[in-house]
Amino acid sequence: MPQIPEKIHELTVGQLAARSGAAVSALHFYESKGLISSRRTTGNQRRYHRDTLRRVAFVRAAQRVGIPLATIREALAELPEERTPTREDWARLSEAWRTELDERIKQLNRLRDHLTDCIGCGCLSLDTCVLSNPDDAFGQSRSGSRLMVEPGGSRKRQEQS
(Lines give C-alpha, C1' and ligand atoms only; values in the text may rest on other atoms or scores of the structure.)
Protein backbone atom coordinates (compact mmCIF):
# COMPACT_ATOMS: atom_id res chain seq x y z
CA MET A 1 0.00 0.00 0.00
CA PRO A 2 1.48 3.36 -0.96
CA GLN A 3 2.52 5.51 1.97
CA ILE A 4 1.65 9.18 1.94
CA PRO A 5 4.02 11.50 3.76
CA GLU A 6 2.48 13.25 6.79
CA LYS A 7 3.25 16.66 5.29
CA ILE A 8 0.83 15.98 2.42
CA HIS A 9 -2.63 17.00 3.58
CA GLU A 10 -4.48 16.38 0.33
CA LEU A 11 -4.78 13.26 -1.78
CA THR A 12 -5.47 12.75 -5.45
CA VAL A 13 -8.34 10.42 -6.33
CA GLY A 14 -5.77 7.76 -7.27
CA GLN A 15 -4.00 8.05 -3.92
CA LEU A 16 -7.31 7.91 -2.07
CA ALA A 17 -8.35 4.83 -4.06
CA ALA A 18 -5.03 3.08 -3.40
CA ARG A 19 -5.11 3.81 0.32
CA SER A 20 -8.81 3.12 0.90
CA GLY A 21 -9.19 0.07 -1.34
CA ALA A 22 -12.19 1.69 -3.04
CA ALA A 23 -12.29 2.00 -6.81
CA VAL A 24 -11.96 5.48 -8.30
CA SER A 25 -15.47 5.10 -9.71
CA ALA A 26 -16.78 4.29 -6.21
CA LEU A 27 -15.12 7.43 -4.84
CA HIS A 28 -16.71 9.53 -7.57
CA PHE A 29 -20.05 7.88 -6.76
CA TYR A 30 -19.63 8.57 -3.02
CA GLU A 31 -18.88 12.18 -3.84
CA SER A 32 -21.93 12.47 -6.10
CA LYS A 33 -24.07 11.15 -3.22
CA GLY A 34 -22.62 13.65 -0.74
CA LEU A 35 -20.74 11.08 1.35
CA ILE A 36 -17.32 12.63 0.75
CA SER A 37 -16.18 15.92 -0.71
CA SER A 38 -13.21 17.30 -2.58
CA ARG A 39 -11.94 20.59 -3.80
CA ARG A 40 -10.92 21.25 -7.39
CA THR A 41 -7.52 22.51 -8.42
CA THR A 42 -7.10 25.18 -11.07
CA GLY A 43 -6.68 22.27 -13.50
CA ASN A 44 -10.07 20.89 -12.33
CA GLN A 45 -8.52 17.88 -10.58
CA ARG A 46 -10.05 16.54 -7.38
CA ARG A 47 -8.13 16.86 -4.13
CA TYR A 48 -9.33 15.11 -0.99
CA HIS A 49 -8.41 16.05 2.56
CA ARG A 50 -6.61 13.22 4.42
CA ASP A 51 -9.62 12.80 6.71
CA THR A 52 -11.54 11.48 3.71
CA LEU A 53 -9.70 8.17 4.18
CA ARG A 54 -11.54 7.59 7.47
CA ARG A 55 -14.83 8.73 5.96
CA VAL A 56 -14.45 6.22 3.12
CA ALA A 57 -13.67 3.47 5.66
CA PHE A 58 -16.77 4.52 7.62
CA VAL A 59 -18.95 4.37 4.48
CA ARG A 60 -17.62 0.98 3.43
CA ALA A 61 -18.07 -0.51 6.92
CA ALA A 62 -21.64 0.77 7.11
CA GLN A 63 -22.39 -0.60 3.62
CA ARG A 64 -21.05 -4.03 4.60
CA VAL A 65 -23.67 -4.30 7.35
CA GLY A 66 -26.42 -3.21 4.95
CA ILE A 67 -26.94 0.43 5.89
CA PRO A 68 -28.41 2.38 2.94
CA LEU A 69 -26.29 5.20 1.51
CA ALA A 70 -28.94 7.80 2.38
CA THR A 71 -28.72 6.77 6.05
CA ILE A 72 -24.93 6.88 5.93
CA ARG A 73 -25.06 10.37 4.39
CA GLU A 74 -27.36 11.56 7.19
CA ALA A 75 -24.97 10.14 9.77
CA LEU A 76 -21.94 11.80 8.21
CA ALA A 77 -23.83 15.09 7.98
CA GLU A 78 -23.95 15.12 11.78
CA LEU A 79 -20.15 15.26 11.90
CA PRO A 80 -18.20 18.46 11.37
CA GLU A 81 -16.66 18.77 7.90
CA GLU A 82 -13.13 17.48 7.51
CA ARG A 83 -13.21 15.80 10.89
CA THR A 84 -12.24 12.19 11.04
CA PRO A 85 -15.07 10.02 12.38
CA THR A 86 -13.97 8.57 15.71
CA ARG A 87 -14.72 5.29 17.45
CA GLU A 88 -17.22 7.17 19.57
CA ASP A 89 -18.95 8.46 16.42
CA TRP A 90 -19.15 4.92 15.04
CA ALA A 91 -20.45 3.55 18.36
CA ARG A 92 -23.16 6.22 18.62
CA LEU A 93 -24.29 5.90 15.01
CA SER A 94 -24.12 2.11 14.87
CA GLU A 95 -26.24 1.89 18.02
CA ALA A 96 -28.93 3.90 16.25
CA TRP A 97 -28.77 1.45 13.32
CA ARG A 98 -29.05 -1.64 15.52
CA THR A 99 -32.87 -1.55 15.67
CA GLU A 100 -33.14 -1.26 11.90
CA LEU A 101 -30.71 -4.15 11.41
CA ASP A 102 -32.55 -6.30 13.95
CA GLU A 103 -35.82 -5.74 12.07
CA ARG A 104 -34.18 -6.67 8.76
CA ILE A 105 -32.78 -9.83 10.31
CA LYS A 106 -36.28 -10.78 11.50
CA GLN A 107 -37.67 -10.18 8.01
CA LEU A 108 -34.93 -12.26 6.40
CA ASN A 109 -35.53 -15.08 8.88
CA ARG A 110 -39.25 -15.05 8.05
CA LEU A 111 -38.45 -15.07 4.33
CA ARG A 112 -36.01 -17.95 4.79
CA ASP A 113 -38.60 -19.96 6.72
CA HIS A 114 -41.28 -19.40 4.09
CA LEU A 115 -38.85 -20.11 1.28
CA THR A 116 -38.10 -23.51 2.78
CA ASP A 117 -41.83 -24.25 3.00
CA CYS A 118 -42.36 -23.12 -0.58
CA ILE A 119 -39.51 -25.16 -1.96
CA GLY A 120 -41.08 -28.14 -0.19
CA CYS A 121 -44.32 -27.72 -2.12
CA GLY A 122 -42.46 -27.32 -5.40
CA CYS A 123 -44.85 -25.11 -7.33
CA LEU A 124 -44.25 -21.50 -6.20
CA SER A 125 -47.84 -20.64 -7.12
CA LEU A 126 -50.33 -22.42 -4.86
CA ASP A 127 -53.15 -20.36 -3.45
CA THR A 128 -51.38 -20.31 -0.11
CA CYS A 129 -47.88 -19.51 -1.42
CA VAL A 130 -46.55 -16.66 0.72
CA LEU A 131 -43.87 -15.72 -1.80
CA SER A 132 -45.59 -15.38 -5.15
CA ASN A 133 -49.16 -14.88 -3.92
CA PRO A 134 -49.28 -13.57 -0.35
CA ASP A 135 -52.75 -13.90 1.23
CA ASP A 136 -54.06 -15.36 -2.07
CA ALA A 137 -54.42 -11.86 -3.51
CA PHE A 138 -54.74 -13.15 -7.08
CA GLY A 139 -57.10 -16.02 -6.24
CA GLN A 140 -59.83 -13.53 -5.37
CA SER A 141 -60.25 -12.47 -9.01
CA ARG A 142 -58.48 -14.99 -11.24
CA SER A 143 -57.79 -18.67 -11.55
CA GLY A 144 -54.76 -20.56 -12.76
CA SER A 145 -51.24 -21.02 -11.53
CA ARG A 146 -48.97 -18.67 -13.50
CA LEU A 147 -48.51 -14.95 -13.27
CA MET A 148 -47.82 -13.35 -16.62
CA VAL A 149 -46.88 -9.76 -17.41
CA GLU A 150 -49.13 -8.29 -20.05
CA PRO A 151 -48.06 -5.48 -22.40
CA GLY A 152 -48.49 -2.20 -20.56
CA GLY A 153 -47.20 -3.65 -17.30
CA SER A 154 -50.39 -5.20 -15.87
CA ARG A 155 -50.30 -8.74 -14.50
CA LYS A 156 -52.73 -11.55 -15.11
CA ARG A 157 -52.91 -15.18 -14.19
CA GLN A 158 -52.80 -17.65 -17.01
CA GLU A 159 -53.60 -21.32 -16.63
CA GLN A 160 -50.76 -23.75 -17.06
CA SER A 161 -50.96 -26.02 -20.03
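Let's start at leucine 35, which sits in the loop between H2 and strand E2 (39-40). This is a predicted model, and in it leucine 35 is buried, with a relative accessible area of 2%. What does leucine 35 touch, once its neighbours within four places in sequence are set aside? The contacts are Tyr30, Arg55, Val59, Leu69, Ile72, Arg73 and Leu76. Phenylalanine 58 is 23 residues away from leucine 35 in sequence, and their C-alpha atoms are 9.9 Å apart in space.

**Helix H4**

Some of those contacts lead to H4, so to speak: Leu69, Ile72 and Leu76 are among the buried residues of this helix, which spans residues 69-77. Thr71 and Ala75 are buried there as well. Where on the helix do the buried residues lie? They are on the same side of H4, because the arc they cover around the axis is only 160 degrees. Glu74 and Ala77 are exposed on the other side of H4. As background, an α-helix has 3.6 residues a turn, so residues three or four places apart point the same way.

**The aromatic rings**

Back to phenylalanine 58, this time for its ring. The structure has three aromatic pairs. One of them joins phenylalanine 58 and tryptophan 97 edge-to-face, at 6.3 Å centre to centre and with 65 degrees between the planes. This pair links distant parts of the chain, with phenylalanine 58 in helix H3 (residues 52-64) and tryptophan 97 in helix H5, 39 residues apart. Both phenylalanine 58 and tryptophan 97 are buried. Tryptophan 97 also pairs edge-to-face with tryptophan 90, this time at 5.7 Å centre to centre and 80 degrees between the planes. Is tryptophan 97 buried or exposed? Its relative accessible area is 6%, so tryptophan 97 counts as buried, whereas tryptophan 90 is partly exposed at 28%. Put together, the ring pairs link Phe58, Trp90 and Trp97 into a cluster.

**Salt bridges**

Now for the charged side chains. How many salt bridges does a search of the whole structure find? It turns up seven, and the table has some of them.

| Acidic residue | Basic residue | Closest N to O |
|---|---|---|
| Glutamate 31 | Arginine 46 | 2.9 Å |
| Glutamate 100 | Arginine 104 | 2.5 Å |
| Glutamate 103 | Arginine 110 | 3.8 Å |

Take the salt bridge between glutamate 31 and arginine 46. Glutamate 31 belongs to helix H2 (residues 24-32) and arginine 46 to strand E3 (residues 46-49), so the pair ties together parts that are 15 residues apart in sequence. Glutamate 31 is buried at 19% relative accessible area, which falls under the 20% cut-off. Arginine 46, at 22% relative accessibility, counts as partly exposed.

The pair of glutamate 100 and arginine 104 stays within helix H5 (residues 87-121). Why are these two separated by about one helical turn? Because they are four residues apart in that helix. Glutamate 100 is partly exposed at 31% relative accessibility, and arginine 104 is partly exposed at 25%.

Glutamate 103 and arginine 110 form another salt bridge. Glutamate 103 is partly exposed, with a relative accessible area of 35%, and arginine 110 is partly exposed too, at 44%. Elsewhere, salt bridges that share partners join Glu78, Asp89 and Arg92 into one network.

Aspartate 89 deserves a second look. It is found in helix H5 and is buried, with a relative accessible area of 7%. A polar atom of the aspartate 89 side chain also lies 2.8 Å from the backbone nitrogen of threonine 86.

**The whole protein**

Stepping back, the protein has five helices and five strands. Read along the sequence, they follow the pattern β-α-α-β-β-α-α-α-β-β. The protein has 161 residues, and 25% of them count as buried. Among contacts with a separation of 6 or more, 43% are between residues 24 or more positions apart. The exposed area of the protein is about 10,800 Å², and carbon and sulfur atoms supply 51% of it.

Technical notes:
Residues are numbered from 1 along each chain as its sequence is written. This is a predicted model: local features need pLDDT of at least 70, side-chain atom pairs count only at pLDDT 80 or more; totals for chains, interfaces and linings use all residues. Side-chain values use heavy atoms; hydrogens and water are left out. A salt bridge is a side-chain nitrogen of Lys or Arg within 4 Å of a carboxyl oxygen of Asp or Glu. Buried means under 20% relative accessible area, exposed over 50%, partly exposed in between (1.4 Å probe, protein chains only). A polar contact is a pair of N or O atoms within 3.5 Å; within protein, one must be able to donate a hydrogen and the other to accept it, and residues adjacent in sequence count only if both atoms are side-chain atoms. Contact means heavy atoms within 4.5 Å. Accessible areas come from the Shrake-Rupley method with a 1.4 Å probe; for residues, only the protein chains shown count as cover. The arc is that of the directions from the helix axis to the C-beta atoms. Rings of Phe, Tyr and Trp (its six-membered ring) pair if their centres lie within 6.5 Å; planes under 30 degrees apart count as stacked, over 60 as edge-to-face and the rest as tilted.
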